[in-house]
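Thanks for asking me to look this one over. My notes are below as numbered points, so you can follow along with the model open.

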Amino acid sequence: MKPSASPKLELETLQQELCREFDRLNAVHFAGRLSRPEITVSARKIYGGYYQPRLHRIVVSWQGHLDHGLEETLNTFRHEVAHIVHPHHRAEFWTLAHTLGVTKRYASTPLAARPPRQPKYIYVCPACGKKIFRHRRLKLSSCAACDPKFNAKFLLKLIAPEILKIPQ
Ligand SMILES: [Zn+2]
Ligand SMILES: [Zn+2]
């Protein structure tokens with residue numbers, strides 16, 4: 001896993017940071033007219049965030065922060081602040097969201113919940129039967145288990161995706 005370039009904060013620090021960000025947005029874009037919502041960083045929320053109008057509460061995901069760092073959390077947070085004004089995703093919502101500094105349309109998925117990418121290409125060594133799984137097509141390769149150097153005797157044979165196309 002590549003470490004995120006964006007810094008990560010402690011939960012309490014993050015909560016304070018978001019309060020500060022709210023006050024900043026409120027001062028710069030709303031002339032201080034919004035009342036500060038309750039701001040919760042939730043360990044239970046899987047990713048992204050939401051705004052609850054009846055409670056006047058913004059919830060953002062702690063896991064999202066751990067996975068993607070402060071940039072991502074601020075992006076989500078500003079999105080939810082825009083929902084205080086517009087409870088929908090119509091054009092005027094996005095206009096405001098962009099004004100508030102939202103740069104992404106969707107929250108990133110948490111790393112843990114992202115489904116593993118299935119390898120598309122399966123090769124087999126005709127000598128030892130070892131299977132090799134690859135996301136991309138290999139150039140002419142031979143089985144490293146049979147011979148660490150390229151050896152035409154142990155050329156890997158592609159058995160998938162072709163094999164998947166054979167009708168049952
Ligand atoms: Zn939204
Ligand atoms: Zn082999």
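1. Strands S1 and S3 run parallel and are joined by five bridges. One place to see the pairing is Val-41, which stands opposite Val-60 in S3. Do keep in mind as you read on that this is a predicted model.

2. On to the pairing of S2 with S3, where the two strands run antiparallel and four bridges join them. Among the facing residues, Gly-49 has Val-60 of S3 as its bridge partner, and Gln-52 stands opposite Arg-57 in S3.

3. Together these strands make an open sheet of three, in the order S1-S3-S2, with mixed pairing. S1 and S2 are the edge strands, each pairing on one side only. From one strand to the next, the twist averages 15°. How much of S3 is buried? Four of its five residues are, so S3 is largely enclosed by the rest of the structure.

4. The link between S2 and S3 deserves a look of its own. These strands form a hairpin with four residues between them. Pro-53 is found in this loop, between S2 (49–52) and S3 (57–61). Pro-53 counts as exposed because 10 other C-beta atoms lie within 10 Å. Its C-alpha is 6.9 Å from that of Ile-84, although the two residues are 31 apart in sequence.

5. His-56 lies in the loop between S2 and S3 as well. Most residues other than glycine have a negative phi. His-56, however, has a positive phi, near 45°. Is His-56 buried, exposed or partly exposed? It is partly exposed, because 13 other C-beta atoms lie within 10 Å.

6. A second residue with a backbone angle to check is Ala-31, which follows H1 and is found in the loop between H1 and S1. Ala-31 is not a glycine, yet its phi is positive, about 50°. It counts as exposed because it has 8 C-beta neighbours inside 10 Å.

7. Helix H1 itself passes a simple length check. It has 20 residues (11–30), which at 1.5 Å a residue should span 28 Å; the end C-alpha atoms are 27 Å apart, which agrees.

8. Which residues of H1 are buried? They are Leu-14, Leu-18 and Phe-22. Seen down the axis of H1, these buried residues fall within an arc of 90°, so they line one face of the helix. The general rule behind such a pattern is that an α-helix has 3.6 residues a turn, so residues three or four places apart point the same way. The buried residues of H1 pack against strand S1 (38–42) and helix H2 (62–85). On the face turned away from the buried side, H1 carries the exposed residues Glu-12, Thr-13, Arg-20, Arg-24, Ala-27 and Val-28.

9. Helix H2 lies across S1, S2 and S3, and runs at about 155° to S3.

10. Now for the nonpolar interior. The largest nonpolar core has 17 residues, and those with the most contacts inside it are Ile-58, Phe-77, Ala-82 and Leu-100. H1, S1, S3, H2 and helix H3 (91–99) are the elements that give two or more residues to this core. H2 supplies the largest share, four residues.

11. What is Leu-100 in contact with, once its neighbours within four places in sequence are left aside? Its contacts are Leu-25, His-29, Arg-78, Val-81 and Ala-82. Of these, Ala-82 is also listed among the core residues with the most contacts.

12. Last, please look at the sheet later in the chain. This open sheet of three strands has the order S5-S4-S6, with antiparallel pairing. S5 (131–134) and S6 (157–160) stand at the edges, each with a single partner strand, so one side of each is left without a neighbour in the sheet. The twist here averages 35° from one strand to the next. Three bridges join S4 (residues 121–124) to S6, and these strands run antiparallel. In this pairing, Tyr-123 stands opposite Leu-158 in S6.

Key. Residues are numbered from 1 along each chain as its sequence is written. Chains are lettered from A and ligands numbered from 1 in the order in which they are written. This is a predicted model: local features need pLDDT of at least 70, side-chain atom pairs count only at pLDDT 80 or more; totals for chains, interfaces and linings use all residues. A residue is buried if 20 or more other C-beta atoms lie within 10 Å of its own, exposed if 12 or fewer, and partly exposed in between; C-beta atoms are placed from the backbone. The expected span of a helix is 1.5 Å times one less than its number of residues. The arc is that of the directions from the helix axis to the C-beta atoms. Two residues are in contact if their C-beta atoms, placed from the backbone, lie within 7 Å. Two strands pair if DSSP finds at least two bridges between them. Axes are lines fitted to C-alpha atoms, for helices over the stretch in contact, and angles run from 0 to 180 degrees between N-to-C directions. A nonpolar core is a set of buried Ala, Val, Leu, Ile, Met, Phe, Trp, Tyr and Cys residues joined through C-beta atoms within 7 Å.
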